[in-house]
There are 2 protein chains.
Amino acid sequence: MNNSSGLGLRERKRARTSEVIHIAAAELALERGLDAATIEMISDRAGVSTRTFFNYFPTKEDAVLGIDEVAVSAELDRVRGCDEDVFLALFDLITALFEATGGGIKSDLKRDVIRKYPQLMTRQMVRVAELEDRLSAIIAGWLAKDARFAEQSEAEHLDEARIILGVSLATVRITMKKWASDPDPTTGPPASAAPRETYERAIATLRTVLEKLT
Amino acid sequence: MNNSSGLGLRERKRARTSEVIHIAAAELALERGLDAATIEMISDRAGVSTRTFFNYFPTKEDAVLGIDEVAVSAELDRVRGCDEDVFLALFDLITALFEATGGGIKSDLKRDVIRKYPQLMTRQMVRVAELEDRLSAIIAGWLAKDARFAEQSEAEHLDEARIILGVSLATVRITMKKWASDPDPTTGPPASAAPRETYERAIATLRTVLEKLT
DNA sequence: TGACTTTTTGCGTTGCACGCAATAATGCAA
DNA sequence: TTGCATTATTGCGTGCAACGCAAAAAGTCA
């Protein structure tokens with residue numbers, strides 16, 4: 001280890017390559033269109049072979065989204081407690097997973113490309129849904145520590161966790177979609193706070209609706 | 001029109017072919033595995049060319065699931081009112097969409113194949129999610145006629161409808177997944193009632209959870 | 001340096017998805 | 001029933017995705 005980051009050259013290079021491919025993929029998707037951007041073009045711009053491309057991302061969509069399994073796992077490991085509201089905590093977690101890319105960089109490219117191709121949002125959610133087991137286990141852990149759920153069994157916590165996760169995911173998806181389709185021409189970069197509020201309102205609405213539909 | 005069904009020979013033949021392909025696809029998926037079953041095999045068994053296959057289904061998964069755009073549209077057109085609970089009505093609608101196949105036949109094959117390959121469930125839900133606009137419009141219509149939502153605007157109804165739809169979809173998915181993974185060896189065919197009850201319980205749980213997490 | 005592990009790469013394979021134009025099947029009217 | 005318009009089916013060809021395999025390159029560490 002002859003560097004400051006605590007990582008060997010290999011790991012650093014790997015993260016860098018992942019990021020380079022992601023950027024190339026997202027840029028080309030924006031420039032040429034999602035379908036028109038072929039893996040060959042992307043690999044070309046990234047300066048790797050097409051075969052190497054597949055060593056980093058299983059599909060083109062994943063590359064465009066910059067979904068990095070390692071970064072996602074790291075994010076999951078980091079999550080331990082849940083101080084605030086469970087639904088809000090989940091929003092933060094999901095959006096964090098959302099923005100977890102190779103180099104740990106939150107690229108605006110991703111935002112732009114999803115704005116242009118909302119289908120990717122669904123794709124992203126499917127990816128998160130694949131983490132269902134790991135995520136619901138974490139949520140069940142939160143519930144277990146929560147006094148309000150003290151009298152319930154572990155199995156019940158897990159069932160509830162799955163429902164909470166599913167509902168949150170759906171709500172985040174709707175929220176993000178609304179935000180992505182919103183013209184919102186006046187607001188600048190600090191507009192990134194908006195989704196969280198929109199989400200809060202959506203959860204509140206859900207609560208109201210459920211009450212009305214007793 | 002020289003037949004009893006009110007459809008021309010073309011329409012009937014088309015529905016029949018769609019069904020034949022679907023059955024071939026589902027059977028082969030069960031026999032050989034979802035990936036191992038190629039479109040060539042499926043077309044072969046169905047007695048059509050691979051090219052014709054793509055005239056009926058855009059992807060192999062759609063063929064296995066027997067997703068028929070015409071049948072789905074017919075199902076959506078049929079839906080008009082909503083007498084009972086909105087969430088229950090949605091469950092019925094979603095499962096109806098779920099079982100809408102070319103010939104209008106509810107094949108057990110589909111059930112089996114999804115049991116074996118739960119990924120298809122997610123796929124199916126993505127398909128339903130693509131109907132989001134049409135479906136949420138229908139739900140908004142329900143809300144507009146509902147006294148409990150009388151004081152709200154049309155836009156609010158639509159927002160609520162989207163949330164209700166998203167949450168229902170997620171819940172149905174979880175319900176079906178649980179049902180699909182359940183060994184449930186004792187119960188016979190009448191077990192098909194179970195999912196609806198499981199769904200009801202899930203919605204009830206959601207209500208409780210939301211109350212607790214005020 | 002030299003032996004090691006890991007990564008990259010080129011090559012080849014399989015299968016998906018679909019455009020296009022020729023051919024066949026069906027519907028309809030005379 | 002026959003001929004014409006419409007629609008369906010098919011074969012052919014193309015482009016691309018995804019990945020296995022083994023050789024070559026790059027990084028690691030003694």
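1. Let us start at the DNA. The surface near DNA strand D is made of six nonpolar, six polar and seven charged residues. Here Ala, Val, Leu, Ile, Met, Phe, Trp, Tyr, Cys and Pro count as nonpolar, Asp, Glu, Lys and Arg as charged, and the others, Gly among them, as polar. A residue is near a strand if one of its heavy atoms lies within 4 Å of it.

2. A word on what you are looking at: this is a predicted model, in which local features need pLDDT of at least 70 and side-chain atom pairs count only at pLDDT 80 or more, while totals for chains, interfaces and linings use all residues. Residues are numbered from 1 along each chain as its sequence is written, chains are lettered from A and ligands numbered from 1 in the order in which they are written, and side-chain values use heavy atoms, with hydrogens and water left out.

3. Which residues come closest to DNA strand D? Of the 19 residues that surround the strand, the closest are A:L9, A:R10, A:K13, A:R51 and B:T52. Four helices each supply at least two residues of this surface: helix 1 (9–32) and helix 3 (50–56) of chain A, and helix 1 (9–32) and helix 3 (50–56) of chain B. Helix 3 of chain B gives the largest share, four residues. Helices (H or I, at least four residues) and strands (E, at least two) are DSSP runs, numbered from the N terminus.

4. Now look at which part of the DNA is met. Of the atoms of DNA strand D within 4 Å of the protein, 60% belong to sugar or phosphate, and the rest to bases. Three side chains have an N or O atom beside a phosphate oxygen of the strand: that of B:T52 at 2.6 Å, that of A:K13 at 2.7 Å and that of B:Y56 at 3.0 Å. For these pairs, a polar contact is a pair of N or O atoms within 3.5 Å; within protein, one must be able to donate a hydrogen and the other to accept it, and residues adjacent in sequence count only if both atoms are side-chain atoms.

5. Stepping back to chain A, you will find 11 helices and zero strands. Buried residues make up 47% of its 214 residues; buried means under 20% relative accessible area, exposed over 50%, and partly exposed in between (1.4 Å probe, protein chains only). Among contacts (heavy atoms within 4.5 Å) between residues at least 6 apart in sequence, 67% join residues at least 24 apart.

6. Helix 8 is a good place to see burial. In chain A this helix (residues 119–129) has the buried residues A:L120, A:M121, A:Q124, A:M125, A:R127, A:V128 and A:A129. Their cover includes helix 4 (60–65), helix 6 (86–99), helix 7 (108–116), helix 9 (132–145) and helix 10 (154–181) of chain A.

7. In chain B, helix 8 (residues 119–129) holds B:L120. Is B:L120 buried or exposed? B:L120 counts as buried, because its relative accessibility is 2%. Leaving aside neighbours within four places in sequence, B:L120 is in contact with B:L34, B:E61, B:V64, B:L65, B:V113 and B:I114. One of these, B:V64, is 56 residues away along the chain, yet the two C-alpha atoms are separated by 8.8 Å.

8. Charged residues can be buried too, so do check A:E75 and B:E160. A:E75, in helix 5 (residues 69–78) of chain A, is buried at 14% relative accessibility and is in contact with A:A96 and A:L97, leaving aside neighbours within four places in sequence. B:E160, in helix 10 (residues 154–181) of chain B, is buried with a relative accessible area of 7%. With the same neighbours left aside, B:E160 is in contact with A:T205, A:V209, B:L143, B:F149 and B:Q152.

9. Finally, the two chains meet: 31 residues of chain B are in contact with 31 residues of chain A. Together they bury about 3,200 Å², 69% of it on carbon and sulfur atoms; buried area is the accessible area (1.4 Å probe) that two parts lose on being put together, summed over both. In chain B, B:L210, B:K212 and B:L213 lose the most area to chain A, together 22% of what that side buries.

10. B:L206 shows this meeting up close. This residue of helix 11 (residues 194–212) of chain B is buried, with a relative accessible area of 1%. Not counting residues up to four places away in sequence, B:L206 touches A:I163, A:V167, A:L210 and B:V167.
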